[in-house]
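Ready for a few warm-up exercises? Take a look at the structure below, then try each task before you read its solution.

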Amino acid sequence: GNSCMRYLLWAAYVDLDYQGGGFTEYSFYNPNKNAWDNSTCTSEARCAKMDCHNEDTHFQLLGVFKEADWDEWFEQLFKHEAYCLWTNNQYY
């Protein structure tokens, strides 16, 4: 038919101060409590906010990309320790 191809757009950010501790270097925002959750910060090196979506973040934009096979993209993302910050309906 006349269907259109749908793409997933995603952005990659880099933290130039990253020390190699994985998610243990970051606190995550808990929207249910309206506060930053530092429980994952077990790294002695640092505890930075995972705030790449904010204008005043310390993260730097690496690039914006598009992906046609979004099922595979999500599978790989969560396979490699990704952390989902948003609910399915939050930005619709």
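**Exercise 1.** How many salt bridges does the count come to?

*Solution.* Keep in mind that this is a predicted model.
- Step one: the count comes to 2 salt bridges.
- Step two: in one of them, the side chains of arginine 46 and aspartate 15 meet at 2.9 Å, N to O. Arginine 46 sits in the loop between β3 and β4, while aspartate 15 sits in the loop between β1 (8–14) and β2, so this pair ties together parts that are 31 residues apart in sequence.
- Step three: arginine 46 and glutamate 25 also meet through their side chains, again with 2.9 Å from N to O. Glutamate 25 is in the loop between β1 and β2, and arginine 46 in the loop between β3 and β4, so here the parts tied together are 21 residues apart in sequence.
- Step four: put the pieces together, and Asp15, Glu25 and Arg46 form a linked network of salt bridges.

**Exercise 2.** Work out whether arginine 46, aspartate 15 and glutamate 25 are buried or exposed.

*Solution.* The cut-off you need is that buried means under 20% relative accessible area.
- Arginine 46 has 16%, so it is buried.
- Aspartate 15 has 8%, so it counts as buried too.
- Glutamate 25 has 0%, so it is buried as well.

For the wider setting, buried residues make up 21% of the 92 residues in the protein chain.

**Exercise 3.** Trace the strands and say in which order they form the open sheet.

*Solution.*
- Start with the whole chain: it has 1 helix and 5 strands, and along the sequence the pattern reads β-β-β-β-β-α.
- Next, pick out the open sheet: 3 strands form it in the order β3-β2-β4, with mixed pairing. The edge strands, each pairing on one side only, are β3 (35–37) and β4 (48–49).
- Now zoom in on one pairing: β2 (residues 26–30) and β4 run parallel and are joined by 2 bridges. Serine 27 stands opposite lysine 49 in β4.

**Exercise 4.** Which residues make up the largest nonpolar core?

*Solution.*
- Begin with a general idea: in soluble globular proteins, nonpolar side chains tend to be buried together.
- Here, the largest nonpolar core has 6 residues: Tyr26, Phe28, Ala48, Met50, Cys52 and Phe59.
- Finally, follow one core member: leaving aside neighbours within four places in sequence, alanine 48 is in contact with Glu25, Tyr26, Ser27 and His58. Glu25 should ring a bell, as glutamate 25 shares a salt bridge with arginine 46.

Definitions and conventions. Residues numbered from 1 in each chain as written. Predicted model: local features only at pLDDT ≥ 70, side-chain atom pairs only at ≥ 80, totals over all residues. Heavy atoms only, no water. Core = buried A, V, L, I, M, F, W, Y, C linked by side-chain atoms within 4.5 Å. Buried < 20%, exposed > 50% of the residue type's maximum accessible area, 1.4 Å probe, protein only. Contact = heavy atoms within 4.5 Å. Pairing = 2+ DSSP bridges. Helix = DSSP H or I, 4+ residues; strand = E, 2+ residues; numbered from the N terminus. Salt bridge = Lys/Arg side-chain N within 4 Å of Asp/Glu carboxyl O.
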